[in-house]
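This report describes the fold, the surface and the charged pairs of one protein chain. Please keep the sequence and the structure in view while reading.

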Amino acid sequence: MSALWPGRRPTLFSRLALTAMRLVGWRPVLAPPPGPKFVGAVAPHTHNADFWPGLFFMWSTRSPVRFVAKHQLFTFPLGLFMRAVGGLPVDRRRAGGNFVDGVVTLIDREPEIMLVVAPEGTRSRGEYWRTGFYYMALEAGVPIGVTVLDWGRKQVGVIGYVTPTGDIEADFALIREMLRDVRGHTPANETPAVPRPASAGGPSKS
């Protein structure tokens, strides 16, 4: 049995995507979602090559994977590609300049969505995660799906969920525990799953 989004049936295309993953030794994983919407915190994101297992995860599981980007990137012809791989435009101006609020509005309007975010914010090693994804989930009232790009085990997908409580330190501790044995493409580039500290102007909605 392959991992599939609840209510979906395999298609010829999803079977082909799964077969391609298996041929190169990868496996999609999808812990049963607690509801039709969640924010996927994708980690570790350490290399451009992460794009491919992520894309094949979306195709093989038929998950409603989406990501957000500035609306300016969705003009022709780039916009065709952006939408084809799950991109959704967010206009900061319509959300009063607040990106998180704009994303929350987007989550509210979708009947189902796996909104993926790479909270490390860089493919190089950083000191902490950006916390915008946390506040997106908290304000939208949806869980955080801990979504791995695990090059050690060659598996990609959602391994568990954390319901944000507003206690960001406690919630991040749960995320860290889930990621404890997960290794990225370039382990030296992994950023620890800790929220931006007060000394750096955080935690914040960014």
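## Helices and strands

In this predicted model, the chain contains six helices and seven strands. Along the sequence, these elements follow the order α-β-β-α-β-α-β-α-β-α-β-β-α. The pattern both begins and ends with a helix.

Contacts show how parts of the sequence meet in the fold. Of the contacts between residues at least 6 apart in sequence, 71% join residues at least 24 apart.

## Buried residues and surface

The chain has 206 residues, and 48% of them are buried. About 10,400 Å² of the chain is exposed. Carbon and sulfur atoms supply 57% of that exposed area.

## A salt bridge across the sequence

How many salt bridges does the chain have? The count comes to five. Three of them are described in this report, beginning with the pair formed by Arg-8 and Glu-112.

In this pair, the closest N and O atoms are 2.7 Å apart. Arg-8 lies in the segment before helix 1 (12-23), while Glu-112 lies in the loop between helix 4 (99-109) and strand 5 (113-117), so the salt bridge ties together parts that are 104 residues apart in sequence. Arg-8 has a relative accessibility of 25% and therefore counts as partly exposed. Glu-112 also counts as partly exposed, at 25% relative accessibility.

## Salt bridges with Arg-109 and Arg-180

Glu-110 forms a salt bridge with Arg-109, and the closest N and O atoms of this pair are 3.5 Å apart. Is Glu-110 buried or exposed? Glu-110 has a relative accessibility of 19% and counts as buried, because buried means a relative accessible area under 20%. Its partner Arg-109 is exposed, with a relative accessible area of 55%; the cut-off for an exposed residue is over 50%.

A further salt bridge joins Glu-177 and Arg-180, with 3.2 Å between the closest N and O atoms. Glu-177 has a relative accessibility of 46%, so this residue counts as partly exposed. Arg-180, by contrast, is exposed, and its relative accessible area is 53%.

## Summary of the charged pairs

The pairs described can be reviewed by the exposure of their residues. Arg-8 is partly exposed, and so is Glu-112. In the next pair, Glu-110 is buried, whereas Arg-109 is exposed. In the last pair, Glu-177 is partly exposed, whereas Arg-180 is exposed.

Terms used. Residues are numbered from 1 along each chain as its sequence is written. This is a predicted model: local features need pLDDT of at least 70, side-chain atom pairs count only at pLDDT 80 or more; totals for chains, interfaces and linings use all residues. Side-chain values use heavy atoms; hydrogens and water are left out. Helices (H or I, at least four residues) and strands (E, at least two) are DSSP runs, numbered from the N terminus. Buried means under 20% relative accessible area, exposed over 50%, partly exposed in between (1.4 Å probe, protein chains only). Contact means heavy atoms within 4.5 Å. Accessible areas come from the Shrake-Rupley method with a 1.4 Å probe; for residues, only the protein chains shown count as cover. A salt bridge is a side-chain nitrogen of Lys or Arg within 4 Å of a carboxyl oxygen of Asp or Glu.
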